[in-house]
Amino acid sequence: MDRRVPYSLSVLAPSQDGADESRLAIQARLREFILAFQLDNSFIYRDQLRQNVLIKQYYCDVDIAHLISYNEELAHKLTTEPGDIIPLFEAALKQCTQHIVYPSQRDITLPPHQLLLHSSASHISIRDLNATNISHLVRIPGIVIGASTISSKATVISLRCKSCEYMDHITVDSGFSGLTLPRRCGRRPQPGEQRSDPCPMDPYVIAHEKCDFVDQQVLKLQEAPDQVPVGELPRHVLISADRYLANRVVPGSRCTVMGVFSIYQAKGGNKAAAVALRNPYLRAVGISSDVDHTAKGAATFTEEEEQEFLEMSRRPDLYEAFARSIAPSIYGNMDMKKAIACLLMGGSKKILPDGIKLRGDINVLMLGDPGTAKSQLLKFVEKASPIAIYTSGKGSSAAGLTASVQRDHNTREFYLEGGAMVLADGGVVCIDEFDKMRDEDRVAIHEAMEQQTISIAKAGITTILNSRTSVLAAANPTFGRYDDLKTPGENIDFQTTILSRFDMIFIVRDGHDRARDERIARHVMGIHMGGKGMEEHVEAEIPVEKMKRYISYCKSRCAPQLSEEAADKLSSHFVSIRKQVHRAELDANARSSIPITVRQLEAIVRITESLAKLSLSPIATTAHVDEAIRLFLASTMDAVTQGEGQGSKELMEEVAKVEDELKRRLPIGWSTSLANLRREFVDGRGYSEQALNRALLVLQRRDTVHIRSGGSQIYRNGV
């Protein structure tokens with residue numbers, strides 16, 4: 001382990017050259033540092049120690065920079081020989097406590113104190129740790145990827161001899177170090193005592209109830225992904241954290257660990273292995289977690305920030321500006337960006353008196369042709385949302401999205417590991433290629449999208465996990481591109497159950513429109529040439545970092561409610577939407593593939609609340625309702641009515657027959673008048689006029705026929 005230095009007494013007079021200073025002198029200087037160090041006329045360490053001890057927390061957090069300014073030689077000793085100095089420092093702390101807090105009580109027994117260190121010195125990455133750093137103080141940044149449960153480690157072991165009941169105490173080093181019991185009994189015969197037989201070999205047993213224990217936790221620290229060289233795998237190192245450092249961090253948090261780089265002999269292993277090879281680990285003496293804005297709930301805002309956000313929320317054009325700042329390098333798609341702005345804000349979560357929870361998160365589905373920048377929008381949302389996870393359809397399974405049951409290597413027990421939906425609790429899950437997911441995997445999301453929980457009954461673990469997430473999904477239609485001649489039901493290959501859980505469904509079409517194509521081409525060229533789009537600046541009005549902070553500010557400070565007028569307006573509008581869909585279903589003689597249910601009414605309520613939340617207003621007014629209804633009509637209702645008039649199956653079959661007859665009737669290069677065809681097909685053969693018009697439209701789209709002279713002449717020009 002760390003170097004075990006035997007205690008030695010100097011027989012000669014202590015040497016005066018301070019090179020090999022005695023331990024007592026070092027301890028005295030450390031004690032003096034704690035008592036005498038002052039910054040701006042306040043004794044910071046005296047005050048800190050007093051505050052901690054009075055609430056029964058026996059530790060002191062020391063900044064190494066202060067020690068350097070006080071006594072450079074001492075600080076150098078601490079960084080190069082931490083194994084010797086830290087125990088002395090902790091003993092000095094104990095003496096200081098006695099001196100500061102309990103000066104009158106001489107015989108009070110204080111528990112051992114712990115020294116925590118932090119510094120702003122440069123850090124070493126995990127790959128740069130090598131043999132020269134062993135038993136030195138190092139500072140390593142990284143991400144905690146695993147934390148064990150807290151176990152108890154003995155610091156003082158109490159031994160009892162089996163034959164003569166002699167008691168002995170042995171101290172154990174901190175860290176992963178083990179201990180070997182003495183082979184012989186250590187009892188000295190008293191003078192005047194009868195000499196009995198010596199105790200046998202290996203006489204000691206451990207008396208557990210008389211030992212002293214401390215908490216110990218083993219962490220696994222991995223390099224941050226942005227510091228890993230290209231093409232390499234991230235490395236990790238084990239960290240032993242004890243006493244007040246245990247339970248400081250949770251897996252997933254970024255932190256900087258200050259510790260003594262030490263080595264330990266792996267347990268077990270084959271006996272023939274090399275004796276001198278040891279595994280490295282870090283014995284933590286200080287853990288500082290980086291202030292991450294993704295810290296759930298506990299995000300703190302400075303007064304300047306709050307002032308800035310309140311000014312921002314009073315801007316009359318905030319909604320438009322916010323939508324423009326979402327993926328500014330993507331041209332157009334304003335409604336989709338506004339929907340994403342609503343999704344990032346989210347509505348208000350409600351818990352009813354009888355315990356039923358109504359979700360406040362908004363789910364959005366984008367269905368569209370290839371090349372309409374769906375994945376880019378998803379990638380942007382992953383950057384802009386305070387908590388976000390991006391997955392792709394084919395690469396994610398049901399267990400990866402919800403939760404999987406793993407087996408612990410050491411204890412062989414089962415434990416749960418949360419998937420994407422659990423990790424993004426309180427944020428957004430972006431799922432790309434949603435249509436390529438297997439059906440059994442897609443079913444796993446149903447519960448998470450409506451009830452916002454994930455219940456699990458596997459391998460003897462029955463539990464419910466929270467997943468309060470918004471889902472932003474992107475998918476392609478069934479045939480790769482959206483086919484206008486088919487109904488929405490045929491284009492969208494999802495079941496009604498999952499579609500009704502989406503608050504807004506956008507069908508993004510790659511329409512051919514010359515003016516729009518020119519604008520898009522100019523925009524894309526501008527971005528490729530110099531990062532400037534067309535009329536819009538690619539630099540957003542609200543930068544991503546600021547947007548992130550503003551979203552978490554709105555979420556933590558505001559939960560709007562509907563006003564009376566807004567509620568009346570919503571309910572009457574919902575009734576009219578239902579009536580419209582019902583009429584369309586009767587006309588087409590088929591159920592609509594995108595359902596309009598009570599969930600959709602709740603969806604409009606949520607959109608209204610999120611619009612109110614964007615401007616930090618506590619009450620949602622009719623203006624918010626109007627915009628929410630406009631968004632809903634532009635998304636889901638547009639998708640419902642997209643395929644209206646496509647008619648029923650019988651009509652489609654009739655159209656196919658008419659097509660074949662028309663091709664037979666008109667050879668390539670021939671033409672005829674529309675009136676002739678109508679007389680022949682409708683009056684002569686009994687086809688419906690609707691089928692004839694539809695067939696001509698289809699053939700015209702395929703460039704098989706041209707319609708000339710204002711729609712009266714029909715000319716066949718191709719296959």
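Me: Which residues make up the aromatic cluster with Phe-33 in it?

Reply: In this predicted model, Phe-33, Phe-37, Tyr-45, Tyr-70 and Phe-89 group into one aromatic cluster.

Me: How many aromatic pairs are there by that ring rule?

Reply: The count is 12 aromatic pairs. One of them is Phe-33 with Tyr-70, at 5.3 Å centre to centre and 55° between the planes.

Me: Why is the Phe-33 and Tyr-70 pair called tilted?

Reply: The centres have to lie within 6.5 Å, and 5.3 Å passes. Stacked needs planes under 30 degrees apart and edge-to-face needs over 60, so 55° fits neither and the pair is tilted. It joins helix H1 (residues 23-36) to helix H3 (residues 64-70), with the two residues 37 apart.

Me: What makes Phe-33 buried but Tyr-70 partly exposed?

Reply: Buried means under 20% relative accessible area. Phe-33 has 0%, so buried it is. Tyr-70 has 29%, which is not under 20% and not over 50%, so it counts as partly exposed.

Me: And why is Phe-434 with Phe-502 edge-to-face?

Reply: Their planes are 90° apart, and over 60 counts as edge-to-face, so the label follows. Both sit in loops, so the pair ties together parts 68 residues apart in sequence. Phe-434 is buried at 0%, and Phe-502 is buried at 0% too.

Me: How do you know that the charged end of Lys-379 is over the ring of Tyr-390?

Reply: The distance to the ring centre is 3.9 Å, and the limit is 6 Å, along with an angle within 35 degrees of the ring normal. Arg-46 likewise lies over the face of Phe-43, 5.5 Å from the ring centre.

Conventions. Residues are numbered from 1 along each chain as its sequence is written. This is a predicted model: local features need pLDDT of at least 70, side-chain atom pairs count only at pLDDT 80 or more; totals for chains, interfaces and linings use all residues. Side-chain values use heavy atoms; hydrogens and water are left out. Rings of Phe, Tyr and Trp (its six-membered ring) pair if their centres lie within 6.5 Å; planes under 30 degrees apart count as stacked, over 60 as edge-to-face and the rest as tilted. Helices (H or I, at least four residues) and strands (E, at least two) are DSSP runs, numbered from the N terminus. Buried means under 20% relative accessible area, exposed over 50%, partly exposed in between (1.4 Å probe, protein chains only).
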